Each structure stands twice: as C-alpha cells, then as structure tokens.
Amino acid sequence: MPSTIEWTDETWNPVTGCSRVSPGCDNCYMFALYPRLRAMDVRGYETTPDSVQMLPERLKVPLSWRRPRRVFVNSMSDLFHPHVEYGFISDVFAVMGQARQHVFQVLTKRPGRAAGWWNRHGQSKFGEWPDNVWLGTSVESQKYAPRLSVLRQVPATVRFVSAEPLLERIDLTRWLEDGTLHWVIAGGESGPRARPMALEWARDLRDQSTKARVAFFLKQLGGKRGKKSGSDAILDGVTWVEMPGEQRTYVTNAS
C-alpha cells in the first residue's frame with residue numbers, strides 16, 4: 001500500500017508481527033497500529049503484535065505493480081525475525097528478484113540472521129544478492145552500532161542504517177569510511193511517549209555522512225505533537241533528502 005514514510009513509496013508486508021529487541025523498539029508504531037488493524041478484521045492481524053505470521057498470499061503483490069517504486073519490505077515486521085522460516089525468506093527474495101523494476105528496502109534489527117540466511121541458504125540458491133534489494137539495520141544508540149559490522153557481511157549493493165529513533169549522539173565514522181554504509185537515515189521519535197532528539201545529534205550524523213560522501217536523509221525531527229517530517233524536517237535551513245546512487249540532492253529552505 002502507498003506509504004507515508006518519507007524515504008519510500010510503498011509498503012509490502014508478507015510478514016506481520018514482531019518482538020522488541022532493543023530500546024529503539026519501545027514505542028514502535030507497529031504495536032500501536034496492530035490492534036486497529038485487528039479490529040478492522042485485516043488478514044494477518046488476528047492475534048497479538050508479538051505473534052509473527054507469514055502470509056504467502058501476499059508474496060506476488062509487487063509483481064502486479066507496473067510503475068517502478070521503492071518498496072519498504074515488512075514495515076509491520078522484520079523479515080529476519082527468528083520466527084520467519086529460511087524457506088519463506090527465500091520466497092520473498094525470489095519475488096524481489098523477479099520484480100526488477102522496483103527497489104526493495106529491507107530494514108532489520110537482526111543483521112546476524114540476515115547474514116546467516118545468506119551464508120547457509122541464500123547464496124547457494126540465488127548465486128548473487130539481487131542488486132535491487134537494499135539491506136539496512138537500525139542503530140538508535142552507540143551501543144547498537146556494532147550491528148553495522150554484521151551488516152557488512154552481507155553483499156548487498158546498497159547497505160544502509162536507520163538511526164531512528166535517534167536517542168543519543170552516534171559516531172558512525174568507522175562504517176562510513178570502510179565502505180559498509182551507502183546511506184544514512186536519521187530521525188527523531190514521534191508520538192505521545194516520544195523521547196527527544198537533539199538537533200546536534202542529527203547535525204553530527206549529517207557531517208559524518210557528507211565528509212564520507214555518503215547519502216544522508218533526515219526523515220523527521222520528531223516530537224510528541226507534530227513530528228516535523230518532509231519539508232518541515234529542516235536542519236540548518238536545509239531539507240536533506242539524499243538517496244544512494246543519485247546525484248546528491250537537498251532542498252534549501254528560503255525561510
């Protein structure tokens with residue numbers, strides 16, 4: 001379905017449900033949205049948010065989309081959750097490999113399982129990682145930055161980090177300079193229990209990224225009311241909307 005997430009065009013959820021693994025998950029929108037979808041009798045949301053379901057009937061949906069688009073895979077789950085079978089992950093990758101007109105953005109908090117699937121199963125089945133499948137991991141604080149060393153083990157053409165919710169200043173210099181990262185997304189937390197993000201933390205990530213010539217995308221400033229996303233996510237008079245593989249672009253705000 002069309003997405004309001006600023007860095008993607010569409011969401012595709014062949015898996016639903018997830019479980020918390022680190023502080024960045026504390027206020028995840030999935031846990032708030034899940035009960036509403038269950039009340040609407042939407043398939044895949046019949047149980048509880050931490051009950052992971054694989055939905056094979058949704059696998060071929062991207063094949064019906066003719067217009068090329070960026071697709072966020074499993075916005076309501078994690079493709080590499082331990083309850084998602086390796087065989088089903090392969091089924092998802094088979095579809096992504098067929099739908100070459102799209103770019104698939106896979107974001108996980110479990111890069112170790114992504115590397116494990118690829119090394120034990122995916123590489124022998126597919127030979128090469130599909131170049132239209134980007135793989136990223138979430139890093140909300142310095143404690144979880146080592147996830148990036150695990151991410152580097154996966155030979156994705158584009159590897160990225162989502163520093164959202166950004167909970168403290170993070171130093172990603174090591175992974176920016178060694179070629180691990182091709183894209184940095186940063187954002188504050190939103191919602192009634194949102195934890196604050198200091199602009200200086202986002203500024204620091206922008207400076208690290210631009211110094212390493214890595215695309216930087218500021219998704220939102222966050223806040224309990226009015227998350228200040230899109231054209232309102234202004235940092236030093238600029239809306240940063242850079243994408244990997246494209247000419248470095250951003251919008252300068254006259255105000």
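Contact here means heavy atoms within 4.5 Å. With that in hand, let's walk through the fold, starting with some ground rules.

This is a predicted model, where local features need pLDDT of at least 70, side-chain atom pairs count only at pLDDT 80 or more, and totals for chains, interfaces and linings use all residues. Residues are numbered from 1 along each chain as its sequence is written, and side-chain values use heavy atoms, leaving out hydrogens and water.

**A serine in a strand**

S162 sits in strand β7. Strands (E, at least two residues) and helices (H or I, at least four) are DSSP runs, numbered from the N terminus. Setting aside residues up to four places away in sequence, S162 touches L107, T137, S138, V139 and I185. Is S162 buried or exposed? Its relative accessibility is 3%, so S162 counts as buried; the cut-offs are under 20% relative accessible area for buried, over 50% for exposed, and partly exposed in between, using a 1.4 Å probe and protein chains only.

The rest of β7 follows suit: five of its five residues are buried. R159, V161 and A163 point one way from the strand, while F160 and S162 point the other way.

**The seven-strand sheet**

β7 belongs to an open sheet of seven strands, ordered β1-β4-β5-β6-β7-β8-β9, with parallel pairing. At the edges stand β1 (10-12) and β9 (215-220), each with a single partner strand, so one side of each is left without a neighbour in the sheet. On average, and ignoring direction, neighbouring strands are turned by 25 degrees against each other. Axes are lines fitted to C-alpha atoms, for helices over the stretch in contact, and angles run from 0 to 180 degrees between N-to-C directions.

As general background, strands of a sheet pair through backbone hydrogen bonds, either parallel or antiparallel. Two strands count as paired if DSSP finds at least two bridges between them. Here are some of the parallel pairs, with an example of residues that face each other:

| Strand pair | Bridges | Example partners |
|---|---|---|
| β4 (70-73) and β5 (103-108) | four bridges | F72 and Q105 |
| β6 (133-138) and β7 | four bridges | L135 and R159 |
| β7 and β8 | four bridges | V161 and V184 |

R70 also stands opposite V103 in β5. Strand β5 is mostly covered, with five of its six residues buried.

**Helices α2 and α3**

Helix α2 (residues 86-98) has 13 residues and spans 19 Å from its first C-alpha to its last, close to the 18 Å expected at 1.5 Å a residue. That expected span is 1.5 Å times one less than the number of residues. Its buried residues are F88, I89, S90, V92, F93, V95 and M96. In general, an α-helix has 3.6 residues a turn, so residues three or four places apart point the same way.

How does α2 meet its neighbour, and at what angle? It packs against helix α3 (residues 111-126) at about 65 degrees, with the two axes 10 Å apart. The crossing is right-handed, meaning that the near helix is turned clockwise from the far one by less than a right angle (anticlockwise would be left-handed). On the α2 side, the contact uses Y86, G87, I89, S90, F93 and A94; on the α3 side, R113, G116, W117, R120, H121, K125 and F126. By class, that contact has six nonpolar, four polar and three charged residues. Ala, Val, Leu, Ile, Met, Phe, Trp, Tyr, Cys and Pro count as nonpolar, Asp, Glu, Lys and Arg as charged, and the others, Gly among them, as polar.

**A serine in a loop**

S141 lies in the loop between β6 and α4 (147-151). At 12% relative accessibility, S141 counts as buried. Leaving out residues up to four places away in sequence, S141 touches E168 and I170. The C-alpha atoms of S141 and P165 are separated by 8.8 Å, with the two positions 24 residues apart along the chain count.

**The three-strand sheet**

There is also an open sheet of three strands, in the order β10-β11-β12, and its pairing is antiparallel. Its edge strands are β10 (234-235) and β12 (250-252), each pairing on one side only. β10 and β11 (residues 238-240) are joined by two bridges, and I234 stands opposite T239 in β11.
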